[in-house]
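User: Please take a close look at the pairing of oppositely charged side chains in this model, and then follow those contacts outward into their surroundings. I would like one connected account, with every cut-off stated.

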Amino acid sequence: MVRIGNAWDEFLKNDFESKEYLALREFLKEEYQRYDIYPDMHDIFNALKFTDYNDVKVLILGQDPYINQGQAHGLSFSVKPGVEMPPSLKNIFKEMKDDVGKEPPCDGCLEYLARQGVMMLNAVLTVRRGLPNSHKGKGWEFLTDRVISVLNDREKPVVFILWGRNARDKKSLITNRRHLIIESAHPSPLSAYNGFFGSKPFSKTNAFLQLNGMDEVNW
């Protein structure tokens, strides 16, 4: 069975033993045997592995992994070191610079954020090469909705960053008023100018963390 290696194991134990997850697992076995599936199966749960339940300060919710070879490695919007940044990620860094003055890094690997308590979770954790949303509705939503709900139930505040319609659809799962929801258009070039640019999610996040006695994120 799945072993994350931190507190998520206890919170998701029953979910990983559920009939829904077991059915998803059988589906994934066949998919990985027959097709090119991203990310590598050892990277599927990196969002949980890199950011322990107890350390989560921010959740950035994505849709599903990047569909091109060598990009996805289990963190939403992030790519492996040395891989060219996709357009959405370039726009994220553009807004980051405009918002908090952070110069874009040399590559698009966001592990440095994950290790500061920024969980970068996709709603769907796997995808077929070249086919966006190809694993949508296959069972991942059951598990990732559960992750959001577990964080919603937590007493320690969390900033939930929802970019785009698919992420904003999860807003109904966030009912605890101690948390902060930041939502806007998606950073994709198709929508970034419709509300993502100028939304200042990074400074808003840090202001909330500071207000609640938590360390700011070094974006």
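Analyst:
**Salt bridges and their surroundings**

Helix α3 holds both K29 and E26, which sit three residues apart, about one turn of the helix; helices (H or I, at least four residues) and strands (E, at least two) are DSSP runs numbered from the N terminus. The model is predicted, so to speak of a local feature requires pLDDT of at least 70 and to count a side-chain atom pair requires pLDDT 80 or more, while totals for chains, interfaces and linings use all residues. Residues are numbered from 1 along each chain as its sequence is written, and side-chain values use heavy atoms, with hydrogens and water left out.

K29 and E26 form a salt bridge in which the closest N and O atoms are 3.3 Å apart, the term standing for a side-chain nitrogen of Lys or Arg within 4 Å of a carboxyl oxygen of Asp or Glu. K29 is partly exposed at 42% relative accessible area, and E26 is partly exposed as well, at 47%; buried means under 20%, exposed over 50%, and partly exposed in between, with a 1.4 Å probe and protein chains only.

Helix α3 (residues 19-34) also has a part in the second largest pocket, since it supplies five residues, the largest share of the lining. That pocket encloses about 410 Å³ of space, and of its 14 lining residues the closest to its centre are Y21, R25, M41, I44 and F45. The lining comprises nine nonpolar, one polar and four charged residues, where Ala, Val, Leu, Ile, Met, Phe, Trp, Tyr, Cys and Pro count as nonpolar, Asp, Glu, Lys and Arg as charged, and the others, Gly among them, as polar. On a 1 Å grid over the protein atoms alone, a pocket is an open set of points where a 1.4 Å probe fits, with protein on both sides within 12 Å along at least five of seven lines, and lining residues have an atom within 4 Å of a point. Points are joined across faces, edges and corners, and the volume is the space filled by probe spheres set on them.

A second pair lies in helix α5 (residues 87-100), where K94 and D98 are four residues apart and so separated by about one helical turn. Their side chains meet in a salt bridge at 3.4 Å, N to O, with K94 partly exposed at 39% and D98 partly exposed at 48%.

The third pair, R168 and E183, has its N and O atoms 2.9 Å apart. Because R168 belongs to helix α8 (residues 165-168) and E183 to strand β6, this contact ties together parts that are 15 residues apart in sequence. R168 is partly exposed at 35%, as is E183 at 29%, and salt bridges with shared partners join R168, K171 and E183 into one network.

From E183 the path leads into the strands. Five bridges join β6 (residues 180-184) to β5, and the two run parallel; strands pair if DSSP finds at least two bridges between them. In this pairing I161 has I182 as its bridge partner. Strand β2 (residues 58-62) is joined to β5 by four bridges, also in parallel, with L61 partnered by L162. All five residues of β5 (residues 159-163) are buried, with V159, I161 and W163 on one side and F160 and L162 on the other.

Taken over the whole structure, there are 14 salt bridges.
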